[in-house]
There are 2 protein chains.
Amino acid sequence: MDKPIGVMDSGVGGLTVAKEIMRQLPDEQIIYFGDLRRCPYGDRPLEEVRQYTVEVADHLVSRGVKMIVVACNTATAAALSDLEDRYDIPVIGVINPGARSAIQSSNNQDVIVLATNATVNSGAYRDAIHHINGGFRVTSLACPKFVPIVEELRYKDKVVVRVALHQTLKGLLGTSADTVILGCTHYPLLAGEIRDFFGGRKNVIDSGYETAREVSSIMTYSRSHAAPGNRKTHVMIVNGDSSRFEYILGDWIPFIDYKIEEIDLEAY
Amino acid sequence: MDKPIGVMDSGVGGLTVAKEIMRQLPDEQIIYFGDLRRCPYGDRPLEEVRQYTVEVADHLVSRGVKMIVVACNTATAAALSDLEDRYDIPVIGVINPGARSAIQSSNNQDVIVLATNATVNSGAYRDAIHHINGGFRVTSLACPKFVPIVEELRYKDKVVVRVALHQTLKGLLGTSADTVILGCTHYPLLAGEIRDFFGGRKNVIDSGYETAREVSSIMTYSRSHAAPGNRKTHVMIVNGDSSRFEYILGDWIPFIDYKIEEIDLEAY
């Protein structure tokens, strides 16, 4: 089916999910929506996040997408079930795929979730895991230092990253959990250093990597894969000024064919 | 939803898939159907395999299952699309999940499929991979020595296994493929030795492990997970004599709570 996949986030974090969809499903066209004017969602009241998420998803639906990927943990926790009820097309969040991958790969049913304050407070990962398998122990830790490091493009500075990891994660080194979920779409850019921090003794799950696979599963069962060889220009919609977005896009996903649109969501 | 999941195979191979569903989704009840009277399917004409698969699936549907898992590569290749058209409930084969996992984990888009003659000749893995991502190189190898080793419970004899692996796989040692799909539900019992054979240099994908995860994905999106804490006795239906089946079941999946039923499928 030659319709695009809609991917949304408050900002640039969801690009880690978009990048994995492009890698695993190269025939699919993506329309990405970054709600930069109202970013970040993580510090806003839940009801406001829900309202913004529905507005952005409505805009993507008006563009004719065949599926919506909520590539933001905060928005998923706030609005996934509303979006599922609102549209006939599939809606995929980042929490269920990460939870499912942890259930699959953990051998001792003991997992850690690293996330923003908002996601930790929502308990969404614990609920998603227990909905599928009640035997799991789920420990969550808020990591407020991580998003700024990624947003400010300091994630390539190993010293900065290692200091932040040590300060935030040192209490987890001796824990029995064998699996760590990266419960924020910014964290995959720190994944290599996080794996090294745990000395390879904990399995580190990247939600973008897992969400792209779940997109593939749902497209197979809804028979909506793009025709082989379909390669269209991706569309990047930015609510607000796009200069910083384009700079980060070029750093994270170089060499893709895209066009950018600045819009004012209030007009919709 | 408190309905069981139907899992089918010509014999015992599908138990490797059932075992992973039990591990990842412990609240789900399974009705397993082993068509031992007509096992193996792999040497029969495709049309006959298709007919048998539909008969078995019809029987599972008559038992009120909420989903059918075709836990046999030969039956999946022969009949998956027929079953998808025939029922309103989801039907999941083992080929798409294995193909999807290979696409996800390969870094060089170069994969090897190990399978029975029937599955290799069907080209089903190559087709499934190319349907999602046309850039992959897919090399298939029939491994006729592997099923008898597992069926005759010689898989614990490291000498027997290593000789068979060397004879069958030695030509693959120097290849560039970074991922190997175990395209037969018997092969996961040899997975550890196959990983060692490749010296950890090729990622080995277990279709049962991946199929159980896909069952979980589809249940989330169809909202049909069992209620937490639901633990019912599994049902093992054997078309024919069950003594050998029960012996292997006890060896592969000890400590589960199940009841066995011998039936004569011709009566249906």
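Me: In which strand is the place of A:V138?
Reply: This is a predicted model. Chain A has a strand that covers residues 137-142. A:V138 sits there, in strand β6.

Me: Is A:V138 buried or exposed?
Reply: A residue counts as buried under 20% relative accessible area. A:V138 has 17% relative accessibility, so A:V138 is buried.

Me: Which residues does A:V138 touch, not counting residues up to four places away in sequence?
Reply: Sequence neighbours up to four places away are left out here. What remains for A:V138 is A:V111, A:V113, A:R126, A:I129 and A:H130.

Me: What separates the C-alpha atoms of A:V138 and A:D251?
Reply: Along the chain, A:V138 and A:D251 are 113 residues apart. In space, their C-alpha atoms are separated by 34 Å.

Me: How many residues of α4(A) are buried?
Reply: Helix α4(A) is mostly covered. Its buried residues include A:I95, A:R100 and A:Q104. The count for α4(A) is eleven of eleven.

Me: What area do chain A and chain B bury between them?
Reply: The contact takes 34 residues from chain A and 34 residues from chain B. Carbon and sulfur atoms carry 41% of the buried area. The area that the two chains bury is about 3,100 Å².

Me: Which three residues supply 25% of the area that chain A buries against chain B?
Reply: No other three residues of chain A supply more of that area. The three are A:Q104, A:R213 and A:Y221.

Me: How many salt bridges are there between chain A and chain B?
Reply: One salt bridge joins A:E210 and B:R213. Their closest N and O atoms are 2.8 Å apart, and the cut-off is 4 Å. The count between chain A and chain B is six.

Me: Which element gives the largest share of the side of chain A that touches chain B?
Reply: Several elements of chain A each supply at least two residues to that side, among them α1, α3 and α10. The largest share is nine residues, and that share comes from α10(A).

Me: How do A:Y41 and A:Y52 lie as an aromatic pair: stacked, edge-to-face or tilted?
Reply: A:Y41 is in the loop between β2 and α2 of chain A, and A:Y52 is in helix α2. Both A:Y41 and A:Y52 are buried. Their rings are 6.0 Å centre to centre, with 50° between the planes. Planes under 30 degrees apart count as stacked and over 60 as edge-to-face, and the A:Y41 and A:Y52 pair is tilted.

Me: Which residue does a cis peptide bond join to A:C39?
Reply: Most peptide bonds are trans. Here omega is about 0°. The partner lies in the loop between β2 and α2 of chain A. The residue joined to A:C39 is A:P40.

Me: What is omega for the peptide bond from B:C39 to B:P40?
Reply: B:P40 is found in the loop between β2 and α2 of chain B. The bond is cis. Its omega is near -5°.

Me: Is A:F255 buried or exposed?
Reply: A:F255 is found in the loop between α11 and β10 of chain A. Its phi is near 75°, a positive value in a residue other than glycine. Exposed means over 50% relative accessible area. A:F255 has 85%, so A:F255 is exposed.

Notes: Residues are numbered from 1 along each chain as its sequence is written. Chains are lettered from A and ligands numbered from 1 in the order in which they are written. This is a predicted model: local features need pLDDT of at least 70, side-chain atom pairs count only at pLDDT 80 or more; totals for chains, interfaces and linings use all residues. Side-chain values use heavy atoms; hydrogens and water are left out. Contact means heavy atoms within 4.5 Å. Buried area is the accessible area (1.4 Å probe) that two parts lose on being put together, summed over both. A salt bridge is a side-chain nitrogen of Lys or Arg within 4 Å of a carboxyl oxygen of Asp or Glu. Helices (H or I, at least four residues) and strands (E, at least two) are DSSP runs, numbered from the N terminus. Rings of Phe, Tyr and Trp (its six-membered ring) pair if their centres lie within 6.5 Å; planes under 30 degrees apart count as stacked, over 60 as edge-to-face and the rest as tilted. Buried means under 20% relative accessible area, exposed over 50%, partly exposed in between (1.4 Å probe, protein chains only).
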